[in-house]
Protein chains: 4
Amino acid sequence: MIKAGIIGATGYAGGELVRILTGHKNVEIKWYGSRSYIDKKYAEVYQNMFQIVDDKCMDDNMEALADQVDVIFTATPQGLCASLVNEEILSKVKIIDLSADFRIKDVATYEAWYKIQHPTSQFIPEAVYGLCEINREAVKKARLVANPGCYPTCSTLSIYPLLKEGLIDPNTIIIDAKSGTSGAGRGAKVDNLYCEVNENIKAYGVANHRHTPEIEEQLSYAAGQPVLINFTPHLVPMNRGILITAYASLKKEVSYEEVKAAYDKYYAEEKFVRVLDKDVCPQTKWVEGSNYVDVNFKLDPRTRRVIMMGAMDNLVKGAAGQAVQNMNLMFGLKESEGLELVPMFP
Amino acid sequence: MIKAGIIGATGYAGGELVRILTGHKNVEIKWYGSRSYIDKKYAEVYQNMFQIVDDKCMDDNMEALADQVDVIFTATPQGLCASLVNEEILSKVKIIDLSADFRIKDVATYEAWYKIQHPTSQFIPEAVYGLCEINREAVKKARLVANPGCYPTCSTLSIYPLLKEGLIDPNTIIIDAKSGTSGAGRGAKVDNLYCEVNENIKAYGVANHRHTPEIEEQLSYAAGQPVLINFTPHLVPMNRGILITAYASLKKEVSYEEVKAAYDKYYAEEKFVRVLDKDVCPQTKWVEGSNYVDVNFKLDPRTRRVIMMGAMDNLVKGAAGQAVQNMNLMFGLKESEGLELVPMFP
Amino acid sequence: MIKAGIIGATGYAGGELVRILTGHKNVEIKWYGSRSYIDKKYAEVYQNMFQIVDDKCMDDNMEALADQVDVIFTATPQGLCASLVNEEILSKVKIIDLSADFRIKDVATYEAWYKIQHPTSQFIPEAVYGLCEINREAVKKARLVANPGCYPTCSTLSIYPLLKEGLIDPNTIIIDAKSGTSGAGRGAKVDNLYCEVNENIKAYGVANHRHTPEIEEQLSYAAGQPVLINFTPHLVPMNRGILITAYASLKKEVSYEEVKAAYDKYYAEEKFVRVLDKDVCPQTKWVEGSNYVDVNFKLDPRTRRVIMMGAMDNLVKGAAGQAVQNMNLMFGLKESEGLELVPMFP
Amino acid sequence: MIKAGIIGATGYAGGELVRILTGHKNVEIKWYGSRSYIDKKYAEVYQNMFQIVDDKCMDDNMEALADQVDVIFTATPQGLCASLVNEEILSKVKIIDLSADFRIKDVATYEAWYKIQHPTSQFIPEAVYGLCEINREAVKKARLVANPGCYPTCSTLSIYPLLKEGLIDPNTIIIDAKSGTSGAGRGAKVDNLYCEVNENIKAYGVANHRHTPEIEEQLSYAAGQPVLINFTPHLVPMNRGILITAYASLKKEVSYEEVKAAYDKYYAEEKFVRVLDKDVCPQTKWVEGSNYVDVNFKLDPRTRRVIMMGAMDNLVKGAAGQAVQNMNLMFGLKESEGLELVPMFP
């Protein structure tokens, strides 16, 4: 039985970790960390866990935690995990960080976009970017995994095969993303009130959203050259789900079959990436509650562009599910253990 | 491995049966019946099942089906199951009917409220009303189970202990119910279009909803006398969930502890009925996707009434989940097998 | 031109007052009071008013305001209006208070339910309860109007005729109410976040909601005897709208026509109360954005009860619209001036 | 008093025409045409109009109608208006067609994208594309106005100034659009059911949506050269509202002020186009129920692109409101008559 601790267990991503790990037959949660609710019963914070979880919330003492568990998940604001981690802790437990602290290899880029000084940048080189489908072997050996951001997961997986196969011009990529509101977290802000979000849609973080450099780094690896993109997220009146619609110019004329083959080359064996049938557009509802990413594309011969689409549940494959997928790899379990979640419809 | 057939697999309740049975380790679905989509791949009708279910939809031939499976679920319009069932079929397979055909013992009452002549009323006496928490032993021995309606399940479980213990006056019961829109089915009707339901709430079926006699029958058993109620359902802009708010006059002055003890007497050992802590009101979101019913109550000394509340997922405990719970009982499996679904929040 | 000041202009009710008064040809808003946003442009707080309102938010100095305007609307938390008003101010301007401070005639009842000591209870006797359809003549002469609460407006108007005509037993009234989320205000609370409200329904304030004594007082006037009720509000995932479903026992057997005649007697000449056609249930969407209350009823001969239903927009007839209707009466304008708002559908 | 007839009065756009014209002091609706509801009271189809509109629905006899009214609005499926119109009718009444029949000047393009043969293409040359802000003078003199599509209105207005001023490369334009569900009409289709749309987002009509050539034609006029674009609409779980997010490469380095000046040049005097303040992103909720289009932009110096954004109510400025704006121009009324609708929030 793997003993797990969660720092930040009362945010939405933390809550989803609890939901998934509760159904994971090889894991036992030993620590529900939550600065805001210390000593409160977890099931009073998330009433859905009533009679399922009996524990109380604890503080975020990573030192103490490292002695009691095998793996620590940090689902915390930017900068917190980086401020807690140290060599001693890393020698004792595996860490899966759901924040952005260890995702970006270039510390200057991280500091510029996040406006935070990185206190433990010495661990960045060893941290593995936990996009399992791409970095599987490295994840297996990691002691510190940087769990990818929600937008970067969906964007990278949707675009990756075409960049790897050299089908699209890396300088023409535009990603228009749409997210449900759970991505904004559980903080009490007027902007996230029901009446402000409902019956409304807006772009935000236009040309300066923090996930931009993370996506660019991953696409640069795929392209084998530096890639700059436009990335525009939108807030959609729904709880869960991310849809990305990405545009790029084709390098040359290609057929549907050629592009399909590119996707199949990378994903035919991947359980959690579903390349949909021709002309079927991904919908967030079809993956809700599950670890799937549904991807597809459409060629536009008129403009010589390709439209790439991806849908996933931001709290599962975009956060907690992928974190568990990483954990499974790190501990030598079946990669899909605890993640055989059938999407819920409607 | 139990072989299961579903007649009506492409309605919302049928789809939920598929979702749940797909995760049930003792069951294999052999037949996806759907009059509307014969020969179409099931995963094209419910794209969430892409790469999970490969089968095509079949017709609703119960005779043929009875030779191939161990259990048949009928998630079909009123009257269909009653028109298909016969002694030979019942001698071969167990049937769990999610429609109302065998729920009401008095055939005249059924025919009056449903405006249908019952073609096989000879099977009504043996049919067991599949409210597991109340009729567990009978269900285990049944070959034909009438799976309870969504409103009746939530209403009966919320009120049952107080009637059994004689705490409330059976002639004063008023049930005000609220349901998500999946309860209205997947038929293409203007009334159920997004723009008609969204940002809207209304009562419907006022004083004549078909679930009224079903609830009355169950409450009458509990009260040991005939019970007439007012039952008013409302359509709420959400996909899933039923909340019932029930009112009744107290027979005498009682304390919180006495009423709580009544609930605990019947539900303390029940996995799927959660009696919430004092002053915590049930919310549909806390049970979404799960087989739980959350119940609680509040005493009003000013009016000498008690307000009883219950929340559940209409497609799970209110339909497919309860059907699987019945199946587990009928086949001697662990009652919660395949139903260890943790509620999804948010 | 009537000069108006609004204290609490940046809450949802205040914002709706601005929307309605902006379209009122006899009114000019001179003061946008808002403690939270002093000196900020109003149109930055409510971007819908961009290029429509150019003013900045001011403080809530009622003394200063009384010298500059003809009417003051207070759309503020409980207790604030009562703490600001005095004889000098009342001698200069008319006040329409959208809070509960002057709604309840019995100060002990107010203080018990609101847990506030009333600082200026000497003005309670002269304050007129501004339910225009019932207190029209008194409103015309008032200098201080207590604008009714949202639930009390909808509840009272739905039940009033049957109590006045003695058709129902006053001791049997149960009101089950459902409200959109704007009724909860614009404060930043976790409970009102999009993800907490969406896809969810719950009761709240069960057996102790503050609108209870207000409704009881109005129904007592109608009944000519003290009335105690059960009142249970629910939070519904929609922005606007209140639906009430009320139950009462009939005193004697009555026909549809007799009950319809009772409603018509009081409302046939009322522009803003629409008695719907037989069997048509009120829906909140049909009155959205307008000052209408749609009411109807259904007799249940089985239980000898009547179900009374009412739907209205909580921010219009339930707050700002009714306040403007009161203002029109107080200033001798056409009662519907500025309120000819056609409901928006969908 | 202008007498108006509406063919297609019971679709969502037709219903919005009724709402707006009901509040228009110079117009009287004489004909509520609706093939589906002939002889039914209009207020039974749209209950919000109860006690406001007393008329019944009529057929769609344009010949008969032309003798009775001054202006005919056709809010009908593609091809219908074109099949009804003739020289005699046009000599008697002005026609404002909300369908696409007369929007595209090149009949071959129309027929290719709409898969309909155009029966009366002889009227295409004289039809004026009713985008009032751009074709104001031509509209004033028109007898046949092609009311623009919803997406084309929002897209064209958002991009127009930058193309006219030569700031962007016309070959790089990508429009990612998001629409509420009322744009899909009131037809009873499974795809538009509440449970299918709610908690979901998807792209549709990718690379082949019919509004593409309409947008391209208008942008080509602005650019003075043929323009091909990518246009991808998405279905968003909300009733009303369109948001477009458009991307284009800048021809040269420009400052915020230069681009702002371009918008101001065309829109500073336009009542219904609001150029928002720097860094404020348009939101559909801020224009709901009104005739406004809110536009803004953001420069991205990293990629040398500009992101252009526009938000509007698809049923108002995207359909009925713009139709009334056109009518006002055609009849010499104040352009904003009946359209002084303040956006409703929340």
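**Exercise 1. Find which residue is the bridge partner of Ala203(A) in β10(A), then work out how β10(A) is paired and covered.**

Step 1. Ala203(A) has His234(A) as its bridge partner in β10(A). Strands here are DSSP E runs of at least two residues and helices are H or I runs of at least four, numbered from the N terminus. Two strands count as paired if DSSP finds at least two bridges between them.

Step 2. Strand β9 (residues 202–203) of chain A runs antiparallel to β10(A), joined by two bridges.

Step 3. Now take β8 (residues 174–179) of chain A: six bridges join this strand to β10(A), and the two run parallel. Ile174(A), for one, sits opposite Asn230(A) in β10(A).

Step 4. Check burial (under 20% relative accessible area is buried, over 50% exposed, partly exposed in between; 1.4 Å probe, protein chains only). In β10 (residues 230–235) of chain A, six of six residues are buried. Asn230(A), Thr232(A) and His234(A) point one way, while Phe231(A), Pro233(A) and Leu235(A) point the other.

A quick note on the ground rules: this is a predicted model, where local features need pLDDT of at least 70 and side-chain atom pairs need 80 or more, while totals for chains, interfaces and linings use all residues. Residues are numbered from 1 along each chain as written, chains are lettered from A and ligands numbered from 1 in written order, and side-chain values use heavy atoms, without hydrogens and water.

**Exercise 2. Lay out the sheet of chain D and say which strands stand at its edges.**

Step 1. The sheet is open and mixed, with seven strands in the order β9-β10-β8-β11-β14-β13-β12.

Step 2. β9 (202–203) and β12 (273–275) of chain D each have a single partner strand, so one side of each lacks a neighbour in the sheet.

Step 3. β12(D) is joined by three bridges to β13 (residues 293–300) of chain D, running parallel. Within that pair, Arg274(D) stands opposite Asp294(D).

**Exercise 3. Explain why Cys81(A) and Cys281(A) form no disulfide.**

Step 1. A disulfide needs two cysteine sulfur atoms within 2.5 Å. The whole structure has zero, over all chains.

Step 2. For Cys81(A), the closest cysteine sulfur belongs to Cys132(A), 17 Å away, so that's too far for a bond. Cys81(A) is buried, at 0% relative accessibility.

Step 3. For Cys281(A), the closest is in Cys154(A) at 14 Å, again too far. Cys281(A) also counts as buried, at 15%.
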